[in-house]
Amino acid sequence: QSGPVIDMPVPASFNELTQDPNLRQYVGWVWYEREVLLPRSWLLNALTTRVVLRVGSAHYYTIVWVNGVQVTEHEGGHLPFEADISRIVQAGPGALCRITVALNNTLTPHTLPPGAIQFLADESKYPKGYFVQNTKFDFFNYAGIHRPVVLYTTPTVYIDDITVTTAWTGNIGVVRYQVLVAGSTHYSLSLSLREKEGKVVATGNGTVGELKVVDPKLWWPYLMHENPGYLYYLEVTLLAQAGGESLEDLYTLPVGIRTVHVTRSQFLINGKPFYFHGVNKHEDADIRGKGLDWSLIVKDFNLLRWLGANSFRTSHYPYAEEIMDLCDAYGIVVIDECPAVGMRDQENFGNKSLAHHLTVMEELIRRDKNRPSVVMWSVANEPASELTPAAYYFKTVIAHTKAIDPSRPVTFVSNANYAHDHGAPYVDVICVNSYFSWYHDSGHLEVIQLQLNTQFENWYETYQKPIIQSEYGADSIAGLHNDPPLMFSEEYHKAVLQKYHSVFDKKRKEYVIGELIWNFADFMTAQAVIRVLGNKKGIFTRQRQPKAAAFILRDRYWKLANESSCIHPTVKYYNFYVLKESPFPF
Ligand code: GCB
């Protein structure tokens with residue numbers, strides 16, 4: 001009944017695991033199914049034990065059944081969702097649990113990212129019923145269960161959510177907390193804040209409060225301090241009664257004490273100017289597509305640190321929590337972006353899209369709000385912000401984002417004309433993408449400096465807000481050489497970067513607060529005449545080998561780190577920090 005059944009690993013994209021071109025470009029429903037044996041102790045006492053099924057992310061629209069009963073559905077890839085499955089698994093006598101997932105990767109004008117199905121009805125050219133899925137974003141629409149699926153338990157009275165914000169003045173650090181408990185109104189909560197080594201530095205109780213830390217060790221970005229990414233651990237203990245038994249729920253949340261502020265020309269972390277010298281990434285690799293891969297994650301962090309990158313933007317969607325955990329622990333600063341990319345048509349700005357966009361921002365903030373590494377939310381990448389409905393649309397999305405999280409600035413990534421950008425008036429920081437001498441004036445390296453200078457001056461004059469060059473770069477095919485530099489050669493790639501850098505060096509003394517290369521690594525896109533097995537703007541190949549441009553950037557980033565007024569004196573050029581102890585058990 002179900003059609004062909006094949007073995008499918010989780011997590012992974014399904015597209016490139018077989019030799020079948022139809023599976024690679026498949027659009028529609030796919031089904032996953034797996035039976036697992038639950039521990040009996042999870043099933044015996046429904047009054048005390050709650051069983052939860054959690055999906056890290058599945059692309060795009062997902063329906064989940066347990067033992068044939070629908071337990072949840074979720075719209076949108078890149079973000080987690082879960083379902084309380086206690087009643088279903090605790091009802092039957094057996095410990096066998098059948099998990100069925102139906103997943104559909106069809107994108108519509110109202111999904112994030114949007115897409116459109118085009119039926120091609122001319123039967124002299126296309127078979128009957130032929131259709132294609134069109135998208136206006138530049139990465140392959142990999143699909144599947146992309147992140148881990150886990151089963152876990154809590155007591156029936158449990159810690160549902162924790163919100164932490166931090167501040168410090170003088171030698172006192174402040175950790176404000178709010179704990180949400182579900183399952184009962186009768187419980188007690190106690191909190192302890194521990195240092196890395198385990199020593200308790202502050203205690204509290206109740207659902208809302210403030211913990212004070214004397215001489216706090218602040219959370220600093222990588223290369224801004226000799227001990228970056230310092231984390232305290234907030235232990236929240238809940239005690240309650242249910243079914244005649246005492247219940248305990250314990251949750252440990254890593255907490256970094258730091259502040260973020262934006263002025264008209266600066267980005268301040270802990271009161272000191274922070275200059276973003278980093279990258280844009282993708283979750284993308286051979287074979288597994290967008291499936292989570294620990295080895296790749298660790299390799300990428302080692303490359304970031306080798307490069308001297310202090311930050312990245314999660315272009316163009318939220319990245320795995322496992323990646324975000326390492327940003328917190330290593331001090332890599334993150335601009336956290338939602339999947340609003342490729343919004344190029346009028347119909348992407350209606351009420352249906354807007355309602356979904358607000359939900360996505362809520363889900364993203366709920367997931368990442370406590371992360372010290374996340375210093376700014378990005379609500380979209382290069383939408384058609386010059387269209388009239390974009391004005392109300394982005395005003396609403398940005399206001400909603402700020403209302404949920406007043407503690408962080410908000411940005412919006414533009415490439416539209418500065419004078420007609422309907423997002424820019426509402427953001428705290430302007431992010432601009434540009435590709436001079438690539439998509440415009442192709443091959444003319446000599447115009448980059450003039451055009452880039454004009455770009456910065458126009459945006460700053462109009463909005464008086466700090467600016468990040470959120471994308472720039474050029475394609476190069478690794479191993480292709482030409483001197484004088486011609487497009488697609490490694491020499492041209494290097495030359496574009498160097499021209500941009502000379503302008504950044506002038507403007508960073510004024511109001512430019514960062515530069516993020518497009519892209520960290522080559523990545524897969526839809527097939528097109530301007531794409532050679534994908535986008536080749538990576539400074540690393542898709543297999544993570546450096547192109548010539550990587551060495552230019554490495555030189556620059558380490559120099560920037562050493563020049564920066566706030567760099568710790570012991571940080572030396574080309575000094576590569578290796579953590580003595582890894583904070584995570586991989
Ligand atoms: C952009 C997009 C990015 C593309 C890049 C390019 O502006 O934000 O998704 O991949 O340009 O290389 O064209």
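**Exercise 1. Locate F488 in the chain and state what is notable about its phi.**

Step 1. F488 sits in the loop that runs between β28 (467-471) and α8. Helices (H or I, at least four residues) and strands (E, at least two) are DSSP runs, numbered from the N terminus.

Step 2. The phi of F488 is near 80°, which is a positive value in a residue other than glycine.

The model is predicted: local features need pLDDT of at least 70, side-chain atom pairs count only at pLDDT 80 or more, and totals for chains, interfaces and linings use all residues. Residues are numbered from 1 along each chain as its sequence is written, and side-chain values use heavy atoms, with hydrogens and water left out.

**Exercise 2. Describe how α8 packs with α9.**

Step 1. Two packed helices are described by the angle between their axes and the distance between the axes. Axes are lines fitted to C-alpha atoms, for helices over the stretch in contact, and angles run from 0 to 180 degrees between N-to-C directions.

Step 2. For helix α8 (residues 490-507) and helix α9 (residues 548-563), the angle is about 20° and the axes are 8 Å apart. That makes α8 roughly parallel to α9. Angles under 35 degrees count as roughly parallel, over 145 as roughly antiparallel, 65 to 115 as roughly perpendicular and the rest as oblique.

Step 3. α8 and α9 have a right-handed crossing. A crossing is left-handed if the near helix is turned anticlockwise from the far one by less than a right angle, and right-handed if clockwise.

Step 4. On the α8 side, the contact (heavy atoms within 4.5 Å) is made by E490, H493, K494, L497, Q498, H501, F504 and D505. On the α9 side, A548, A549, I552, L553 and R556 make the contact.

Step 5. The residues of this contact of α8 with α9 divide into six nonpolar, three polar and four charged. Ala, Val, Leu, Ile, Met, Phe, Trp, Tyr, Cys and Pro count as nonpolar, Asp, Glu, Lys and Arg as charged, and the others, Gly among them, as polar.

**Exercise 3. Repeat the analysis for α7 and α8.**

Step 1. Helix α7 (residues 448-463) packs with α8 at an angle of about 40°, and their axes are 9 Å apart. That makes α7 oblique to α8.

Step 2. The crossing of α7 and α8 is right-handed.

Step 3. From α7, the residues I448, Q449, L452, N453, F456 and E457 meet V496, K499, Y500, S502, V503, F504 and K507 of α8. The contact of α7 with α8 has seven nonpolar, three polar and three charged residues.

**Exercise 4. Which angle and distance describe α5 and α6, and which residues meet?**

Step 1. Helix α5 (residues 351-368) and helix α6 (residues 389-404) have axes that come within 10 Å and cross at roughly 25°. α5 and α6 are therefore roughly parallel to each other.

Step 2. α5 passes α6 in a right-handed crossing.

Step 3. S353, L354, H357, L358, M361, E362 and I365 of α5 meet residues of α6, including Y392, Y393 and F394. The contact of α5 with α6 comprises nine nonpolar, five polar and one charged.

**Exercise 5. Find where the cis peptide bonds at P113 and H316 lie.**

Step 1. The bond from L112 to P113 is cis, with omega near 0°. P113 is in the loop between β7 (96-104) and β8 (116-119).

Step 2. S315 and H316 are joined by a cis peptide bond with omega about -10°. H316 is in the loop between β23 (311-313) and α4 (321-330).
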